[in-house]
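This report is for a reader meeting the structure for the first time. Please look through the sequence and the model before reading on.

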Amino acid sequence: SDLHYSVTPLKSAQDEKLLGYLAIIQDITERLKAERELKEKEYRFRTLFESANDAIFTMNREAFLSCNQMTLHVFGCEKKEDIVGHSPTEFSPEFQPDGSSSFSLAKEKINAAFEGEPQRFYWKHSTKSGALFDAEVVLNRFELDGVYYLQALVRDVTESKEAEDLLRESEVMLRELNASKDKFFSIIAHDLRSPFNAILGFSDLMVEKTKEKDFDDIEELAVLIQKSSERTLNLLINLLDWARSQTGKVKFDPQIIEAASLVD
């Protein structure tokens with residue numbers, strides 16, 4: 001057991017003659033245990049707080065009260081005094097991407113959190129130097145000594161936001177390409193139908209004439225079939241070239257030419 005000793009001398013009231021001692025012994029085992037547990041919890045909390053990969057800070061309705069080391073990195077500050085005591089709107093542009101006033105919107109979110117409604121939202125923040133970055137913000141209320149405060153977590157999501165935007169742009173581009181492809185194939189199908197109908201028609205006519213031993217106009221029909229076949233083949237070649245260009249299989253090999261001599 002852990003004991004605490006307190007010894008007080010007892011003296012006579014008349015001549016202050018030492019009469020003896022009053023000894024008080026207290027078992028403080030539980031108290032010391034509670035203090036150690038409290039210190040251990042505080043140490044674990046402080047370790048998690050300072051080593052977190054996200055910016056974490058506490059605040060009241062007007063300003064930041066404390067912050068971890070990552071907050072300095074995220075907001076481009078050198079010391080905690082650059083954060084503590086400052087208003088959240090000092091680290092935001094005047095307007096958010098949707099056109100909302102940063103001051104008004106931040107006040108709305110903070111008030112809602114103080115009313116007991118946890119907040120989670122996207123926010124455009126700025127560093128101390130004014131550089132903008134995308135962030136995910138979480139606000140939660142907590143109570144300390146009968147007073148409400150907010151714990152805020154800010155995560156820099158610039159890279160994931162850019163990746164999301166690129167993915168969205170790629171999706172739009174893919175849809176446009178698919179629409180162009182469908183339209184292109186519709187046109188190609190129409191353009192191929194006519195020459196094939198001509199080739200089949202002339203071929204049927206040649207077959208009939210051959211069966212009847214009527215060789216008049218056979219050469220003319222053969223020439224028509226040949227020309228129609230060449231045009232159809234060229235169309236198919238162009239289609240294949242377009243398909244190769246869409247899949248990135250066409251090698252880009254630019255060369256300098258004499259335009260004047262080519263025209264001449």
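What share of the 264 residues of the protein chain counts as buried? The share that counts as buried is 24%. This value, like the others in this report, comes from a predicted model.

## Overall form

The secondary structure of the protein chain is made up of 6 helices and 7 strands. Read from the N terminus, these elements follow the order β-β-α-β-β-α-α-β-β-β-α-α-α. The radius of gyration of the chain is 42 Å, whereas the globule rule gives 18 Å for 264 residues. The first value is well over the second, so the protein chain is more spread out than a compact globule.

Along the principal axes, the C-alpha atoms of the protein chain fill a box of roughly 160 × 45 × 40 Å. Contacts along the chain can be described by sequence separation. Taking the contacts between residues at least 6 apart in sequence, 39% join residues that are at least 24 apart.

## Helices H4 and H5

Helix H4 covers residues 158-211, and helix H5 covers residues 218-246. Their axes come within 10 Å and cross at roughly 160 degrees. An angle over 145 degrees counts as roughly antiparallel, and H4 and H5 are therefore roughly antiparallel to each other. The crossing in which H4 passes H5 is left-handed. Sorted by type, the residues of the contact between H4 and H5 are 21 nonpolar, 6 polar and 3 charged.

## Two residues of helix H4

Leu-200 belongs to helix H4. Its relative accessible area is 53%; because exposed means over 50%, Leu-200 is exposed. Leu-200 and Ile-225 are 25 residues apart in sequence, and their C-alpha atoms are 8.6 Å apart in space.

Lys-183 is also placed in helix H4. With a relative accessible area of 60%, Lys-183 is exposed. How far apart in space are Lys-183 and Leu-18, C-alpha to C-alpha? The distance is 113 Å, and the two residues are 165 apart in sequence.

## The loop between strands E6 and E7

Strand E6 (132-144) and strand E7 (147-156) are joined by a loop that holds Asp-145. Asp-145 is not a glycine, yet its phi is positive, at about 55 degrees. Most residues other than glycine have a negative phi.

Is Asp-145 buried or exposed? At 76% relative accessibility, Asp-145 counts as exposed.

## Phe-103 in helix H3

Helix H3 spans residues 102-114, and Phe-103 is found in it. The relative accessible area of Phe-103 is 52%, so Phe-103 is exposed. Along the chain, Phe-103 and Thr-89 are 14 residues apart. In space, a distance of 5.9 Å separates the C-alpha atoms of Phe-103 and Thr-89.

Methods. Residues numbered from 1 in each chain as written. Predicted model: local features only at pLDDT ≥ 70, side-chain atom pairs only at ≥ 80, totals over all residues. Heavy atoms only, no water. Axes fitted to C-alpha atoms, helices over the stretch in contact; angles between N-to-C directions. Helix = DSSP H or I, 4+ residues; strand = E, 2+ residues; numbered from the N terminus. Parallel < 35°, antiparallel > 145°, perpendicular 65-115°, else oblique. Left-handed = near helix turned anticlockwise from the far one by under 90°. Nonpolar A, V, L, I, M, F, W, Y, C, P; charged D, E, K, R; others polar. Rg over C-alpha atoms; globule rule 2.2 N^0.38 Å. Buried < 20%, exposed > 50% of the residue type's maximum accessible area, 1.4 Å probe, protein only. Contact = heavy atoms within 4.5 Å.
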